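Subject: Structure handover

Hi,

Here is the structure I said I would pass on. Have a look at it first, and then read my notes underneath.

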Amino acid sequence: MILAEEKYILNDKEVVLRSARMDEAQMLIDYLKTVTGETRFLMCEPNEIEYTRSQEEQFIKSHNEAKDALLILAFVDGEYAGNCSFESRSGSRRVSHRAGIGIALYQKYTGLGLGRIMLNVLLREIKKSGFSQAELTVVDNNKRARHLYESLGFTECGRIPNANRYDDGAYLDDILMVLQL
């Protein structure tokens, strides 16, 4: 799916949301390496990001061409701030009503309301695509993100204990959340 450019104002700054372009593949790889190092709440450590430019271009292409997936980039006053996406929980008709969500922002853009704008647009597009359920996972201890998800109507539906093991030996649960659309 392609999201045509949409503009918003947030704290006197211009926010632009749109689909990714192929020439932004390296920017997205560099971003992922940075944001995974800024917080313990994302999928991996920075040194585990080994995507090639070609692989990232394929990711962009697959989301742009899909009928059941969308990748949205966010820019604040022209500067790349982060992205969010959804994909169908494919596999069978029984799960085809479910959309899985992901979102990450550079830390300097968290807590400003940008994530709320992004998720509202993403949820709108999920509904337009015919999904009836949105799902996401949040790492326990990520109170700000969890508060945002709950304020949008997501509820906890389960946990995976010790789902995340960190290099320092600490563990954190994954909290599974769902929103009926």
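Below is what turned up, starting with confidence and moving through the sheet, the aromatic pairs and the salt bridges.

Keep in mind that this is a predicted model. The mean pLDDT of the protein is 94, and 100% of its residues reach 70 or more. Strand β2 (residues 13-19) has the highest confidence, at a mean of 98, while helix α1 (residues 25-38) has the lowest, at 92.

**The sheet**

There is an open sheet of eight strands, with mixed pairing. If you walk across it, the order is β1-β2-β3-β4-β5-β6-β8-β7. The edges are β1 (6-10) and β7, each of which pairs on one side only. From one strand to the next, the twist averages 25°.

At the β1 edge, β1 and β2 pair in the antiparallel sense, over five bridges. To find the register on screen, look for L10 opposite K13 in β2, and for Y8 opposite V15 in β2. The two strands form a hairpin with two residues between them. One to check in your torsion plot is N11 in that turn, with a positive phi of about 50°.

Helix α2 (residues 53-65) packs on the sheet and touches β2, β3 (69-76) and β4 (79-88). The direction of α2 makes about 110° with that of β3.

**Aromatic pairs**

The count here is six aromatic pairs. One of the six is Y31 with Y80, edge-to-face at 5.0 Å centre to centre, with 75° between the planes. Y31 lies in helix α1 and Y80 in strand β4, so this pair ties together parts that are 49 residues apart in sequence. Are these two tyrosines, Y31 and Y80, buried or exposed? Both count as buried: Y31 has a relative accessible area of 3%, and Y80 comes out at 7%, against a cut-off of under 20% for buried.

F86 and F131 make another pair. Their ring centres are 5.6 Å apart and their planes sit at 80°, so this one is edge-to-face too. The pair links distant parts of the chain, with F86 in strand β4 and F131 in the loop between α3 and β6, 45 residues apart. F86 is buried, with a relative accessible area of 0%, and F131 is buried at 7%.

Back to the tyrosines for a moment: Y31 and Y80 belong to one aromatic cluster together with F75 and Y106.

**Salt bridges**

How many salt bridges does a search of the whole structure find? The total is 19. I picked out a few for you to look at.

E125 takes part in two of the contacts I looked at, with R124 and with K128. The side chains of E125 and R124 meet at 2.8 Å, N to O. For E125 and K128, the closest N and O atoms are 3.3 Å apart. Where does that second pair sit in the fold? E125 and K128 are three residues apart in helix α3 (residues 114-128), which means they are separated by about one helical turn. The accessibilities of these residues are worth a look if you plan to colour by surface: E125 is buried, with a relative accessible area of 5%, whereas R124 counts as partly exposed at 32% and K128 is exposed at 62%.

Then there is D140 with R159, where the closest N and O atoms are 3.3 Å apart. This pair links distant parts of the chain: D140 is in the loop between β6 (133-139) and α4 (143-151), and R159 is in strand β7 (residues 155-165), 19 residues apart. Both residues are partly exposed, D140 with a relative accessible area of 25% and R159 with 36%. The pair also belongs to something wider, as salt bridges that share partners join D140, R146, E150, E156, R159 and D173 into one network.

That's everything from my side, so over to you.

Cheers

Methods. Residues are numbered from 1 along each chain as its sequence is written. Side-chain values use heavy atoms; hydrogens and water are left out. A salt bridge is a side-chain nitrogen of Lys or Arg within 4 Å of a carboxyl oxygen of Asp or Glu. Buried means under 20% relative accessible area, exposed over 50%, partly exposed in between (1.4 Å probe, protein chains only). Helices (H or I, at least four residues) and strands (E, at least two) are DSSP runs, numbered from the N terminus. pLDDT is the predictor's confidence in each residue, from 0 to 100. Two strands pair if DSSP finds at least two bridges between them. Axes are lines fitted to C-alpha atoms, for helices over the stretch in contact, and angles run from 0 to 180 degrees between N-to-C directions. Contact means heavy atoms within 4.5 Å. Rings of Phe, Tyr and Trp (its six-membered ring) pair if their centres lie within 6.5 Å; planes under 30 degrees apart count as stacked, over 60 as edge-to-face and the rest as tilted.
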